[in-house]
Amino acid sequence: MTDLLRTPLYPLHVARGGRMVPFGGWEMPIQYTSILEEHRAVRERAGVFDVSHMGEFEITGKDAAAFLDRLVTNWPSTLGDGEVLYTPMTLPSGGCVDDLLVYRFGREIFWLVVNAATAPKDLAWVDRQAKAFGGDVKIVDLSSGVGEIAFQGPLAQEVLGRLTTFDLASIGHFEVARGVDVDGCTVTISRTGYTGEDGFEIYARPEDASSLFEAILKAGRGDGVLPCGLGARDSLRFEACLPLYGQEISEDITPLEAGLGIFVKWDKGAFIGKEALLSQKEKGPSRRLAGLELDERAVPRPHYPVLHEGQAVGSVTSGMISPTLGRPLALALVRADLTSPGTPMAVRVREKEIPAHVVKRPFYRRENRK
Amino acid sequence: MNVPDGLLYTEDHEWIRVEGTKGRVGITDFAQDQLGDVVFVELPELGRRLTRKDVFGVVESVKSMSDLYSPVDGTVTATNPALADHPELVNQDPYGEGWMVEVELGENGTSGLLTAGEYQKMTAAGGH
């Protein structure tokens with residue numbers, strides 16, 4: 001095994017009985033007690049995750065906003081201070097280098113928060129594109145100096161509110177506040193997440209991350225707040241149909257194929273991948289992401305073939321028996337003309353063809369969205 | 001880790017409880033713990049003839065799946081009907097309510113299986 005990286009919370013995970021597994025070059029807890037229990041905690045109460053393996057790059061300079069408009073498909077220069085957006089970052093081919101969040105802290109100060117497994121590749125890509133772009137753009141990899149904790153679930157605001165005098169309600173969906181004091185630590189907090197629930201992502205100094213994680217658990221002990229691993233993070237994001245890099249999107253899958261067209265802004269001028277994506281849009285992609293429900297109990301897993309009238313028409317990108325809904329569901333890249341809800345399909349699970357049909361995405365949407 | 005005496009075990013983490021000419025088969029506490037939350041168990045048809053080490057089913061947890069290997073030669077006489085709606089019984093009670101199949105033992109009986117002590121030693125040594 002190659003050397004795995006560890007987050008500042010590694011000792012805490014081990015002390016709390018986290019089952020450590022390799023993920024994207026990092027040694028991370030997949031669960032502490034049970035993926036299903038942790039999943040339920042986030043849907044019904046709240047759960048806290050170590051996501052310090054994510055990468056953070058700071059992009060500064062007079063031309064930073066213009067550079068970002070060229071780098072990604074969404075429109076970072078439309079952000080105001082304290083606003084956040086989600087975006088794919090594409091190759092000239094239209095395939096995805098990664099998907100990420102862009103934070104704006106000032107007219108010339110941005111952060112990119114990228115996936116752990118792709119962070120080194122992303123940094124090289126962003127650096128190279130910045131050089132090609134020219135102008136006043138500086139890129140600094142902050143990753144090793146930032147601990148990140150996600151605190152997600154309907155009780156997240158109430159519980160986190162016990163640790164700060166800051167008015168958390170003033171942070172809107174996809175907004176961020178800096179310099180917030182939480183339990184004596186100065187942190188950056190955004191109302192963002194990867195679970196389909198309300199909640200926060202908290203960026204802290206690495207040396208504060210463990211005490212913050214424990215402080216949140218302590219503040220939420222009476223409410224059944226649990227520490228959660230990557231297993232629940234995956235099942236939660238799956239139900240909410242949030243893409244996972246390497247499964248729903250990759251260098252071979254475009255945002256249009258992955259159903260992320262609303263994050264591609266055609267009116268903003270040139271960006272990397274625009275020509276390829278525009279041509280794909282005009283012709284219509286030959287495959288698209290669809291939600292499937294299996295009509296019998298089985299576990300659809302990535303790469304299982306998807307069939308329509310006996311013909312192979314695609315494959316599963318993610319799938320599981322949904323912990324919240326109790327039904328076997330899958331995301332699958334399939335022939336583009338077969339994505340209307342109700343379309344009959346089948347998924348080959350080992351030697352069996354399990355009947356299935358297309359259903360609407362997302363599978364799960366929380367009530368009372370803010 | 002719970003490894004009851006009186007049962008026999010395989011290197012693949014199945015157990016068998018023999019009573020007369022029949023044996024009831026499941027997976028061990030160690031196995032269920034390694035798998036995590038079990039969400040689906042695929043079991044064989046009644047009457048299927050098994051040879052020792054045949055794959056007789058599959059147990060799927062949230063994150064992984066694992067083949068089930070027959071500890072003995074024999075014929076499937078029953079499968080646990082409760083697992084269809086309650087696969088979590090495999091986690092909650094691996095040696096009881098979480099049993100998987102019952103087989104009529106073939107000629108070779110229970111040869112080649114591990115005792116509780118031997119199985120415990122194997123898993124303690126970091127067995128797969």
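1. A word on terms before we start: strands here are DSSP runs of E, at least two residues long, numbered from the N terminus. Please also keep in mind that this is a predicted model. With that settled, the loop between β15 (305-308) and β16 (311-321) of chain A is a good place to begin, and Glu309(A) is found there. Its phi is near 50°, a positive value in a residue other than glycine.

2. Is Glu309(A) buried or exposed? A residue counts as exposed if 12 or fewer other C-beta atoms lie within 10 Å of its own. Glu309(A) has 9 other C-beta atoms within 10 Å, so it is exposed.

3. Now step back to the barrel. In chain A, 6 strands form a closed barrel, and their order is β14-β17-β16-β15-β18-β19, with antiparallel pairing. From one strand to the next, the twist averages 45°.

4. Which strand pairs with β18 (residues 344-349) of chain A over 6 bridges? The partner is strand β19 (residues 352-359) of chain A, and the two run in the antiparallel sense. If you would like a single pair to look for, try Ala346(A), whose bridge partner in β19(A) is Pro355(A).

5. The loop between β18 and β19 of chain A holds Arg350(A). Although Arg350(A) is not a glycine, its phi is positive, at about 50°. Arg350(A) counts as exposed because it has 10 C-beta neighbours inside 10 Å.

6. Follow chain A past β19 and you come to a segment that includes Pro362(A). Have a look at the peptide bond leading into this proline: from Arg361(A) to Pro362(A) the bond is cis, with omega near -10°.

7. On to the interior. In soluble globular proteins, nonpolar side chains tend to be buried together. In this model, the largest nonpolar core has 135 residues. Which residues have the most contacts inside this core? They are Ile149(A), Phe151(A), Leu292(A) and Val347(A).

8. Val347(A) deserves a visit of its own. Leaving aside residues up to four places away in sequence, Val347(A) touches Leu292(A), Leu294(A), Pro300(A), Tyr304(A), Val306(A), Val316(A), Ala330(A), Ile354(A) and Ala356(A). Leu292(A), one of these neighbours, is also named among the core residues with the most contacts.

9. Finally, the meeting of the two chains. How many residues of chain B are in contact with chain A? There are 8, and they meet 12 residues of chain A. On the side of chain B that touches chain A, the residues divide into 4 nonpolar, 1 polar and 3 charged.

Note on methods
Residues are numbered from 1 along each chain as its sequence is written. Chains are lettered from A and ligands numbered from 1 in the order in which they are written. This is a predicted model: local features need pLDDT of at least 70, side-chain atom pairs count only at pLDDT 80 or more; totals for chains, interfaces and linings use all residues. Two strands pair if DSSP finds at least two bridges between them. Helices (H or I, at least four residues) and strands (E, at least two) are DSSP runs, numbered from the N terminus. Axes are lines fitted to C-alpha atoms, for helices over the stretch in contact, and angles run from 0 to 180 degrees between N-to-C directions. A residue is buried if 20 or more other C-beta atoms lie within 10 Å of its own, exposed if 12 or fewer, and partly exposed in between; C-beta atoms are placed from the backbone. A nonpolar core is a set of buried Ala, Val, Leu, Ile, Met, Phe, Trp, Tyr and Cys residues joined through C-beta atoms within 7 Å. Two residues are in contact if their C-beta atoms, placed from the backbone, lie within 7 Å. Ala, Val, Leu, Ile, Met, Phe, Trp, Tyr, Cys and Pro count as nonpolar, Asp, Glu, Lys and Arg as charged, and the others, Gly among them, as polar.
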